[in-house]
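Q: I am new to this structure and would like a close look at one part of it rather than a tour of the whole. Please choose a part, follow it carefully to whatever adjoins it, and explain each term when it comes up.

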Amino acid sequence: MTATLNRPGVGTGRVVWFTGLSGAGKSTLASALYEELKARGVATELLDGDAVRENLSKGLGFTKADRDTNVRRIAFVAGLLARHGVTVLVSAISPYAETRREVLAGLPNPTEVFVDAPLEVVTERDVKGLYLKALAGEIPHFTGVSDPYEAPEHPDLHLRTDRISVEEGVQELLDHLGFGA
C-alpha cells in the first residue's frame with residue numbers, strides 16, 4: 001500500500017507549487033496538507049517562501065531579478081527532493097507568470113495551485129498592516145499593490161480561500177493529487 005502513496009509512480013516525487021498574494025492562504029493550506037500527508041506516511045517536505053528567503057536567499061531584495069532568483073532557488077531544491085521520491089509542497093508568492101512557467105516546466109510532476117483571495121480580504125487578514133502601508137505608499141515594491149502579481153491563467157487547481165475553509169481546501173488538494181479518501 002505504501003507504494004501507491006507517492007503517486008504518480010513508485011519512487012517518483014512531485015512538486016505542488018502554491019502561488020498567490022501574501023495573506024491568500026498559501027502557507028496555511030500547504031502546512032495543513034503537509035500534516036495530512038505526513039500522517040498518511042507520504043514522504044513530504046514543505047518549502048515555505050519566507051523560510052527559504054531567510055535561510056537560502058538571505059540578502060536578496062524585492063526587485064524582479066531578485067524575486068526570480070529566489071523562485072529559481074526554491075525550484076532547484078524542490079526538484080532535488082522530488083527526484084528522490086519526495087512530495088514537495090512549495091508555498092511562495094512567485095509573482096511572475098513567466099518565471100513560474102519556466103521553473104514548473106523543469107520540475108518532476110508539477111502541480112500549480114493558485115491560492116486566491118481578493119485584495120480586500122488579504123488586507124483584512126494582514127495582522128502586520130503591510131498592505132495598508134503599501135496602499136499608503138509607505139512600502140515600495142509590494143506585490144499586488146505597487147508591484148505586479150501575475151495570476152496563473154490555467155492553474156492545475158484554483159482555490160478561493162475567501163469561499164472555502166482550510167479543511168475544504170485540503171480535501172480538494174488531496175482529491176486533485178490522487179490522495180483522496
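A: A nonpolar core is a set of buried Ala, Val, Leu, Ile, Met, Phe, Trp, Tyr and Cys residues joined through side-chain atoms within 4.5 Å, where buried means under 20% relative accessible area, exposed means over 50%, and partly exposed is in between (1.4 Å probe, protein chains only). The model is predicted, so that local features need pLDDT of at least 70 and side-chain atom pairs count only at pLDDT 80 or more, while totals for chains, interfaces and linings use all residues. Residues are numbered from 1 along each chain as its sequence is written, and side-chain values use heavy atoms, with hydrogens and water left out.

The part chosen here is helix α2, and the largest nonpolar core is a good place to begin. This core has 27 residues, and those with the most contacts inside it are F18, L29, L33, L37, L89, V113 and L173. Two or more residues come from each of β1, α2, β4 (110-116), α7, β5 (157-160) and α8 (166-177), with helices (H or I, at least four residues) and strands (E, at least two) taken as DSSP runs numbered from the N terminus. Of these elements, α2 gives the most to the core, with five residues. L33, leaving aside its neighbours within four places in sequence, is in contact (heavy atoms within 4.5 Å) with F18, L89, V170, L173, L174 and L177. Another core lies apart from this one and has 16 residues, among them L47, V71, V88 and A92.

From here the path leads to an annotation. The unreviewed UniProt entry carries the annotation "binding site" on G20, L21, S22, G23, A24, G25, K26 and S27, and such annotations, given in the numbering used here with shortened feature names, may be inferred rather than shown by experiment. From this set, S22, G23, A24, G25, K26 and S27 belong to the lining of the largest pocket.

Within the annotated set, A24 sits in the loop between β1 (14-19) and α2 (26-39), and A24 counts as buried because its relative accessible area is 1%. Beyond residues up to four places away in sequence, A24 touches V115, D116, A117, V122, R125 and T161. K26 has its place in helix α2 and is buried too, because its relative accessible area is 8%. Outside that same span of four places, K26 touches F18, T19, G20, L21, S91, A92, I93 and V115, and F18 is also one of the residues with the most contacts inside the largest core.

A pocket is an open set of points on a 1 Å grid over the protein atoms alone, where a 1.4 Å probe fits, with protein on both sides within 12 Å along at least five of seven lines, and its lining residues have an atom within 4 Å of a point. The largest pocket holds about 1000 Å³ of space, a volume being the space filled by probe spheres set on grid points joined across faces, edges and corners. It is lined by 38 residues, of which S22, G23, K26, D50 and I93 are the closest to its centre. The elements that give two or more residues to this lining are α2, α3 (49-55), α4 (64-82), α6 (119-125) and α7 (130-135).

Helix α2 therefore gives residues both to the largest core and to the lining of the largest pocket, and K26 in this helix counts as buried.
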